[in-house]
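Student: I should like to understand the reasoning behind the terms used for this model. May we take them one at a time?

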Amino acid sequence: MSKSQKMLSVVVIAILVMVFTAIPAFAATYDRCADSLNELGLFQGTTTGYDLESSPNRVQAAVMMVRLLGQEEAALAADYAHPFTDVPSWADDYIAYMYEKGLTTGMSSTVFGSDTLCDAQMFYVFTLRSLGYSDADKDFTYAAAQEFALNSGLTPIYKENSFLRDDMVAIAYSALAAPMKDDSGTLLDKLVADGAVDAAKAKPYQNLFAAYASFIATDAAHPATTGMSGNIKMNMDMTYEGEKATVAISGKIKTQINPADLTDIAIDMQFDMKMSLPDGSSETASFASILVDQKMYTNADGVKYVMPYELSNIDMLVVQPTNILASQAENICYIIAATHTQNTYTISVDMNMVFAQVIGILVDMSATLEVDLADVGLDLSSFNMTLSPLVVEYKYSNNKLSSVKMDIDIDLEIEGEKIALAMDMTMDSLVWSDNIKITKPADADKYIELSLDDEALL
C-alpha cells in the first residue's frame, strides 16, 4: 500500500470509525468473483451451488489449477494415467494431466491425498504455477509461497484459522489480473490467446484490470511523505421512520503517520458541523480533536477534555481490520469498475465484500485472542447493513494526489429499526510533506482528564 493510501486510510478511520460498530455477520464474501469465474468457464461449483463456505480439498484445488492453466479441454481429451488410488473418477483426467506434466507427485507414490484439505499456502503454490512460476526451478520456495504470491499480485488471505472455497475463488480471480512470469500479459490475456476463455466474455474484465493496474502504478509512484493536510467536506442525509435529517461537516485535517506502522498515527481535525432536523430546526457545533502521543484532546464548543488512547489487543480488533480495509487498493476482488481519463481515476468498490472480509478477520482474530466481540461492543447479532458500491474519484497533479471524492449509500437495521444514510465526502487542496507536524494543544494542561470508563462520557 502506497503512502497516499495509508494517509487517506487514517482519514477514513477518523471520519467513519462509527461504521465499524454496525457491520453484519456476512458468510461467504467472494460470491461475485465466483460468478465471474463461472461466466468465464473457470469455476463450476458443486451439486449444491458454489459451496463457498466449505473447505476445499486437494482435488478441488488441482481441478482449479488445470482450468487456470487453460488446459481443461486438453486434460479431458488426453489419455494420460496416474498411479494414485484415492482419486475420485470424475477427477481422474485432471490429476492424470497434472501427473503427466510434472505438476504434482502426490503425497506418496500411490496416494494423491484427495480428501486432504487444501490450505492457503498450498493453493498459492498451485496458482503461482499457473502464472508460469516454478518452485522446482527455484522461482520461489514452498515455505515462502504466500509472500511471493502477494508480491506477484495475488489476493491476500488474512484469516489464520481456516481456508475456504471462498478464499480459493478470491485467489483464482486475482490471478486472472496478475502478470505472467514472462511479462507477456495477464493470466486472463494468456487464457484468451490460448482459446481457453471466450474473448468477448473476457474483454470487460481485461479493460477493468488494465485501468486498475494503471491506477495502482500511478498511486505507487506517489512521493513518500509522513504528513498530509487538506480541506474536507462531508454531507450525510439520514432517513429514519420516514423523517429526514441532514448533516454537513466542513473543516481541515492534518495527519502524520509512521509509514512502517499504520497504528503509529497523529491526527489534527478542525470541523464545523450543521445538522438540519426534520422539524425544520437546525443545530450547529464546532469541534477540534488532536490525537497525539496516545492521547485524544477534544475541544467541543469550548468544552475541553483529554482521554487516553492506547492500543491493546482489544483495540487491534478494530485497527487491524481497518488497516486491511485501507489496503483494498491492492485487492482486485473488491473492484467492480475502474476507469481512467487523463489524471483522474474513478474506482467503484464492492463495500459489502470489503466489510464482509473485515468481519471474517474480526471473528478470526477474536478467536485467536480468545475475546468475545460482544464484550467489546461489537455484538453483530443485532445489526444488518447493506452498502452501495463506494465510488471514489482520485485526481492527481504532478504525480501527487490532489483531491478525492467518495460517495456511498448505507441501509442499516439495528434491533429492528431501519436507517438509510447517503454520504459523500470530498478532500481537496491536499498537501503532502514531511514538514507537517502535529503536537498537543498549547493549553493542553487546561484539558479535563477523563478515563475511558469515566461516567462523564455516558
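**Reasoning from values to terms**

Tutor: Aspartate 135 and arginine 129 are joined through their side chains by a salt bridge, at 3.0 Å from N to O. The model is predicted, so local features need pLDDT of at least 70 and side-chain atom pairs count only at pLDDT 80 or more, while totals for chains, interfaces and linings use all residues. Residues are numbered from 1 along each chain as its sequence is written, and side-chain values use heavy atoms, with hydrogens and water left out.

Student: Why is the contact of aspartate 135 and arginine 129 called a salt bridge?

Tutor: A salt bridge is a side-chain nitrogen of Lys or Arg within 4 Å of a carboxyl oxygen of Asp or Glu. The N to O distance for aspartate 135 and arginine 129 is 3.0 Å, so the pair meets the definition. By this rule there are 7 salt bridges.

Student: What makes aspartate 135 partly exposed?

Tutor: Buried means under 20% relative accessible area, exposed means over 50%, and partly exposed lies in between (1.4 Å probe, protein chains only). Aspartate 135 has 22% relative accessibility and therefore counts as partly exposed.

Student: Why do aspartate 237 and lysine 244 count as a salt bridge?

Tutor: Their N to O distance is 3.8 Å, which the salt-bridge rule accepts. Aspartate 237, at 30% relative accessibility, is partly exposed, and lysine 244, at 48%, is partly exposed as well.

Student: Which salt bridge involves arginine 67, and are its partners buried or exposed?

Tutor: Arginine 67 meets glutamate 72 in a salt bridge of 3.0 Å, N to O. Both glutamate 72 and arginine 67 are buried.

Student: What makes helix α3 largely enclosed by the rest of the structure?

Tutor: Helices (H or I, at least four residues) and strands (E, at least two) are DSSP runs, numbered from the N terminus. Helix α3 covers residues 58-68, and 10 of its 11 residues are buried, so it is largely enclosed. Its buried residues include Arg58, Met64 and Arg67.

Student: What covers the buried residues of α3?

Tutor: Contact means heavy atoms within 4.5 Å. The covering elements include α2 (31-39), α4, α5, α6 (120-130), α8 (165-177) and α9 (187-193).

Student: How do you know that asparagine 57 caps the N-terminal end of α3?

Tutor: A side-chain oxygen of asparagine 57 lies 3.2 Å from the backbone nitrogen of valine 59. A polar contact is a pair of N or O atoms within 3.5 Å; within protein, one must be able to donate a hydrogen and the other to accept it, and residues adjacent in sequence count only if both atoms are side-chain atoms. Just after α3, glycine 70 has a positive phi of about 75°.

Student: How do you know that arginine 58 has its charged end over the ring of phenylalanine 112?

Tutor: The rule asks for NZ of Lys or CZ of Arg within 6 Å of the ring centre and within 35 degrees of the ring normal. The charged end of arginine 58 sits over this ring, 4.5 Å from its centre.

Student: Why is the pair of tyrosine 345 and tyrosine 396 called edge-to-face?

Tutor: Rings of Phe, Tyr and Trp (its six-membered ring) pair if their centres lie within 6.5 Å; planes under 30 degrees apart count as stacked, over 60 as edge-to-face and the rest as tilted. By this rule the model has 16 aromatic pairs. Tyrosine 80 and tyrosine 97, at 6.2 Å centre to centre and 50° between the planes, form a tilted pair. Tyrosine 80 lies in the loop between α4 (72-77) and α5 (92-100), and tyrosine 97 in helix α5, 17 residues apart. Tyrosine 97 is buried at 8% relative accessibility. For tyrosine 345 and tyrosine 396, the centres are 6.2 Å apart and the planes are at 90°, so the pair is edge-to-face. Tyrosine 345 is in strand β8 (residues 344-349) and tyrosine 396 in strand β10 (residues 390-397), so the pair ties together parts 51 residues apart in sequence. Both tyrosine 345 and tyrosine 396 are buried.

Student: What makes arginine 165 a buried residue with no salt bridge?

Tutor: Arginine 165, in helix α8, is buried, and the nearest side chain of opposite charge, aspartate 51, is 4.7 Å away. Lys and Arg count as positive and Asp and Glu as negative; His and the chain ends are not counted. The side chain of arginine 165 does reach the backbone oxygen of aspartate 51, at 3.2 Å.
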